[in-house]
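Me: Please take a close look at the ligand site in this model. Which residues surround the ligand, and which are closest?

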Amino acid sequence: MLFNPHCFDGSKTEGERDGELRAYQQRQEEISKLPVEMGWRNFPLRLYHGFWFHEPHLNGVISIRRNFCRPAPSDLFLVTFPKSGTTWLKALAFAITNRSSGHHINSGHRSILSRHPQDCSPYLEAFYAGPQVPDLDAMPSPRLLGTHMPYSLLPESLRDEGSPSRIIYLCREPKDTLVSTVHFINTMGSEQSSIAGAISMDQAVELFCKGLSPYGPVWEHQLEYWRESQRRPDKLLFLKYEDVMAEPEANVRKLANFIGRPFSPEEESSGLVAEIVELCCFEKLSGLEVNRTGVRGKEIGVTINNSSFFRKGKVGDWREHLLPEMAEKVDVITRDMLQGTGLSHSPEPPAPHADQGDEMP
Ligand SMILES: Nc1ncnc2c1ncn2[C@@H]1O[C@H](COP(=O)(O)OS(=O)(=O)O)[C@@H](OP(=O)(O)O)[C@H]1O
């Protein structure tokens with residue numbers, strides 16, 4: 001793993017490693033007995049405590065629940081439903097936490113220019129997907145830990161009232177998430193002969209609406225974090241992709257305050273907030289060599305181009321891909337599921353941000 005090879009530095013005894021291997025095999029067996037559905041492109045999805053998972057991710061989820069026990073006060077969990085802006089959130093959180101106390105963009109920030117945002121914070125499920133349990137104590141503080149796990153499946157030590165760690169959840173409008181997932185999954189390579197060619201938008205809408213997508217159903221996922229953010233706003237910050245896009249500076253300040261690293265008057269007057277927004281914006285990140293080349297995904301048995309994490313980065317792109325009846329189908333469920341919860345997704349994309357110009361459909 002790029003960001004911290006020491007997490008797997010082999011300091012365990014042979015006995016400990018054997019024990020981890022046995023536990024891994026038991027998890028595999030457990031997973032093989034769970035309800036299964038052929039999901040997107042025939043990647044099998046397993047039902048675990050009300051949510052659907054790809055098998056390697058699920059092994060990671062179960063391992064995290066059993067093996068992650070020591071959240072630290074400085075830990076920041078960066079949580080999303082897949083294809084909701086994880087890459088962006090990782091870049092922003094990294095840039096905010098790695099600034100030194102000077103007023104300008106410094107080398108801490110600049111390292112985002114030479115590493116993929118996905119390497120700024122481990123994707124925990126992939127990190128825990130194999131037999132070897134990583135040693136997260138080897139990571140420098142503050143640890144930025146990325147996950148797509150539903151709130152109810154997070155380790156108890158993290159959900160506990162007394163947990164010292166903080167969680168940031170980035171939520172995205174379901175139709176944009178759906179469209180983003182279709183494109184992403186269709187670019188994935190797999191050596192499994194059973195994996196089918198591209199999934200059509202039609203099939204994807206059917207599956208998504210039944211909750212049958214990785215980590216789905218999306219509505220329950222969002223609601224679990226929404227409710228917890230209402231209950232414990234000091235511990236869980238709930239952001240929306242569309243709001244960050246519309247008001248990036250205000251949301252970067254919100255993030256910095258929540259993280260406990262508010263911008264000083266000097267940093268404010270030097271324009272640092274705008275610099276961080278600029279550094280992490282879609283146009284900047286998607287153009288970097290490190291994000292345009294290379295692949296990842298080996299630990300979960302697939303090939304994913306680093307560039308696949310950057311497609312359009314727009315609000316309302318679903319309009320280009322969903323027929324009105326497909327959009328309506330998702331909207332009806334969204335309205336039903338969110339009714340009376342206080343959480344909503346605006347039916348129309350918010351007014352474009354000045355520098356998005358007329359690109360919004
Ligand atoms: N910097 C920045 N700003 C705004 N939007 C961005 C940014 N980086 C990535 N993206 C868009 O986020 C979508 C990918 O989602 P994730 O990063 O959550 O993917 S993953 O779940 O981690 O695989 C995917 O959305 P779509 O373009 O709609 O497919 C990316 O383009």
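Reply: What follows covers the ligand site, then one strand and one buried side chain.

This is a predicted model: local features need pLDDT of at least 70, side-chain atom pairs count only at pLDDT 80 or more, and totals for chains, interfaces and linings use all residues. Residues are numbered from 1 along each chain as its sequence is written, and side-chain values use heavy atoms, with hydrogens and water left out.

Start with the shell. The ligand is surrounded by 23 residues, each with a heavy atom within 4 Å of it. T86, T87, S180, K312 and G313 are the closest. By class, the shell has 11 nonpolar, 8 polar and 4 charged residues. Here Ala, Val, Leu, Ile, Met, Phe, Trp, Tyr, Cys and Pro count as nonpolar, Asp, Glu, Lys and Arg as charged, and the others, Gly among them, as polar.

Four helices each supply at least two shell residues: α3 (86-97), α7 (174-187), α10 (241-246) and α14 (282-287). Of these, α3 gives the most, with 3 residues. Helices (H or I, at least four residues) and strands (E, at least two) are DSSP runs, numbered from the N terminus.

Now the polar contacts, meaning pairs of N or O atoms within 3.5 Å; within protein, one must be able to donate a hydrogen and the other to accept it, and residues adjacent in sequence count only if both atoms are side-chain atoms. T86 places a polar side-chain atom 2.4 Å from a ligand oxygen. Y241 places one 2.7 Å from a ligand nitrogen. G313 uses a polar backbone atom, 2.7 Å from a ligand oxygen. Taken alone, the ligand exposes 640 Å², and the protein buries 97% of that. Accessible areas come from the Shrake-Rupley method with a 1.4 Å probe; for residues, only the protein chains shown count as cover.

Next, the strand. In β4 (residues 76-80), 5 of 5 residues are buried, that is, under 20% relative accessible area (exposed is over 50%, partly exposed in between; 1.4 Å probe, protein chains only). L76, L78 and T80 point one way, F77 and V79 the other. β4 pairs in the parallel sense with β5 (residues 144-147) over 4 bridges; pairing takes at least two DSSP bridges. F77 stands opposite L145 in β5.

Last, N291 in helix α15 (residues 289-292). N291 is buried, at 0% relative accessible area. A polar side-chain atom of N291 lies 2.8 Å from the backbone oxygen of L285. Beyond neighbours within four places in sequence, N291 is in contact (heavy atoms within 4.5 Å) with residues including R115, H116 and F310.
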